[in-house]
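Ready for some practice in reading a protein model? Work through the exercises below with the structure open beside you, and try each task before you read its solution.

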Amino acid sequence: MRQLAHLIVCVVGVGAATAIGMTRVVGAQGPPPATLVPCGVPQGAPAGGPPQVPIASGASSVPSTLPGGLRLRRVQGSVYMLSGAGANIAVQVGSDGVLIVDSGRADMANAVIVALRQLTPAPLQMIINSTGDADHTGGNEAVARAGRRLTSTLGAGGGATVGAAIIARQAVMDRMITEKAPDCALPTTTYDIYPTRSLYFNDEGIELRHVAAAHSDGDSLVFFRRSDVVSVGEIFNTNLYPFIDIEHGGSVDGVVAALNELLEITIPALKQEGGTYVIPGRGRLADEADVSEYRDTVTIVRDRVRALIARKMTLEQVQAERPTLDYDGRYGGTEGPWTPDRFVEAVYRSLSQTAGAATRPAGGQRR
């Protein structure tokens, strides 16, 4: 049945709607058994109609205290940044309800739900996953269950539906299925054929931009056009080098290209400060100047490692040269799994793969 769900959801990449809201996709044999529970209903609760909660617009104020050590600040326009649940979470609030970019870790899901409810009584309608990492998608199931979405009132099935919609790149869906994520944590809608997807929510145009082979093969930049805020997932951090996930299609050249694309979106205000704000995967709120410095750092380190590879150095020899030394004070986290040596290893492996592909014959087997 999981394979059937995957097959049907894949159709969304060419514009079709997915079957959403149930723990299993409805197949050609007819409606699901009565024992199946909608994803928006907590386990053990009766599968009745959607909660009758009126939509309230806006947020009264930023709560002074939040559960689980979470931190919330207003960015600008209708967008807020929620930190401390894993990766940073972008929160958009308005008359249509609440939209978030990423859901944090699974163990922080309840704290995220409480924080959103403290910010506004408006229902959560939509989750966008910027990538497939567990600290971005781990809260999907529980957080989505706490929301509800409005569908068209025309035809059967219209009106309020329990459970927030989840949108992501198709590669995120594929990865989550491979890693056996719960059905109700999976994206309900994906995009794949085109590199962008546009939404209109809370009187604001929202653009999802896929950046290929960057942190991974499923990354999306999420641009809130009226608020002038971009949520960037794992493409950019203010306190760590970028995490390049080689096993899931990431590359250092893709990260540099994604940062350049991000710089095409961002516009600074007075003296290169302010203007378009950027919500990073981790760290503080940023602007174009921060992204530009980060892009330069990653580019310089990449070029240094490439030069050392050209001298036939091994990974251990390259790491001994410390090509990140003059940037470690800013981005070189010494705690956790992503150290400067790990970053250099990822850059080395990425460039080595690229060099190997360049020397391979155009057709047939490698000689």
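## Exercise 1: The sheet and its helices

In this predicted model, strand 2 (residues 79-83) and strand 3 (residues 89-94) are joined by four bridges and pair in the antiparallel sense.

**Task.** Find the bridge partner of Val 79 in strand 3, then work out which strands stand at the edges of the sheet.

**Solution.**

Step 1. Start with Val 79 and look across to strand 3: the bridge partner there is Gln 92.

Step 2. Now follow the sheet from strand to strand. It is an open sheet of seven strands with mixed pairing, and the order is 1-2-3-4-5-8-9.

Step 3. Look at the two ends of that order. Strand 1 (71-76) and strand 9 (189-191) each have a single partner strand, so one side of each has no neighbour in the sheet. These are the edge strands.

Step 4. Add the twist, which averages 20 degrees from one strand to the next.

Step 5. Finally, place the helices. Helix 2 (residues 109-119) packs on the sheet and touches strand 1, strand 2, strand 3 and strand 4 (97-101). The direction of helix 2 makes about 30 degrees with that of strand 3. Helix 5 (residues 170-178) also packs on the sheet, where it touches strand 8 (165-169) and strand 9. The direction of helix 5 makes about 105 degrees with that of strand 8.

## Exercise 2: Two positive phi angles

**Task.** Locate Asp 102 and Ala 213, and decide for each: buried, partly exposed or exposed?

**Solution.**

Step 1. Here is some background: most residues other than glycine have a negative phi.

Step 2. Take Asp 102. Its phi is near 75 degrees, a positive value. Asp 102 belongs to the loop between strand 4 and helix 2.

Step 3. The relative accessible area of Asp 102 is 1%. Buried means under 20%, so Asp 102 is buried.

Step 4. Take Ala 213. This residue is not a glycine, yet its phi is positive, at about 50 degrees. You will find Ala 213 in the loop between strand 11 (204-211) and strand 12 (219-224).

Step 5. Ala 213 has a relative accessibility of 31%, so it counts as partly exposed.

## Exercise 3: Rings that meet

**Task.** How are the rings of Phe 243 and Trp 338 arranged, and why is the pair of Tyr 294 and Tyr 331 edge-to-face?

**Solution.**

Step 1. The structure holds five aromatic pairs. In one of them, Phe 243 and Trp 338 lie 4.7 Å apart from centre to centre, with 75 degrees between the planes; this pair is edge-to-face.

Step 2. Trace both residues along the chain. Phe 243 sits in the loop between strand 13 (229-231) and helix 6 (252-265), and Trp 338 in the loop between helix 9 (328-331) and helix 10 (340-359). They are 95 residues apart, and the pair links distant parts of the chain.

Step 3. Check their exposure. Phe 243 is partly exposed at 25% relative accessibility, whereas Trp 338 is buried at 10%.

Step 4. Turn to the two tyrosines. The ring centres of Tyr 294 and Tyr 331 are 5.1 Å apart and the planes stand at 80 degrees. Planes over 60 degrees apart count as edge-to-face, so this pair is edge-to-face.

Step 5. Tyr 294 lies in helix 7 (residues 288-310) and Tyr 331 in helix 9, 37 residues apart. Tyr 294 is buried at 1% relative accessibility, and Tyr 331 is buried at 2%.

Step 6. Widen the view: ring pairs link Tyr 294 and Tyr 331 with Phe 236, Tyr 241 and Phe 343 into a cluster.

## Exercise 4: An arginine over a ring

**Task.** Over the face of which residue does Arg 169 lie, and which backbone oxygen does its side chain reach?

**Solution.**

Step 1. Find Arg 169 in strand 8. Its relative accessibility is 8%, so Arg 169 counts as buried.

Step 2. Arg 169 lies over the face of Tyr 191, at 5.0 Å from the ring centre.

Step 3. The side chain of Arg 169 also reaches the backbone oxygen of Tyr 194, at 2.9 Å.

Step 4. Beyond residues up to four places away in sequence, Arg 169 touches several others, including Thr 190, Asp 192, Pro 195 and His 210.

Note on methods. Residues are numbered from 1 along each chain as its sequence is written. This is a predicted model: local features need pLDDT of at least 70, side-chain atom pairs count only at pLDDT 80 or more; totals for chains, interfaces and linings use all residues. Side-chain values use heavy atoms; hydrogens and water are left out. Two strands pair if DSSP finds at least two bridges between them. Helices (H or I, at least four residues) and strands (E, at least two) are DSSP runs, numbered from the N terminus. Axes are lines fitted to C-alpha atoms, for helices over the stretch in contact, and angles run from 0 to 180 degrees between N-to-C directions. Contact means heavy atoms within 4.5 Å. Buried means under 20% relative accessible area, exposed over 50%, partly exposed in between (1.4 Å probe, protein chains only). Rings of Phe, Tyr and Trp (its six-membered ring) pair if their centres lie within 6.5 Å; planes under 30 degrees apart count as stacked, over 60 as edge-to-face and the rest as tilted. A charge sits over a ring if NZ of Lys or CZ of Arg is within 6 Å of the ring centre and within 35 degrees of the ring normal. A polar contact is a pair of N or O atoms within 3.5 Å; within protein, one must be able to donate a hydrogen and the other to accept it, and residues adjacent in sequence count only if both atoms are side-chain atoms.
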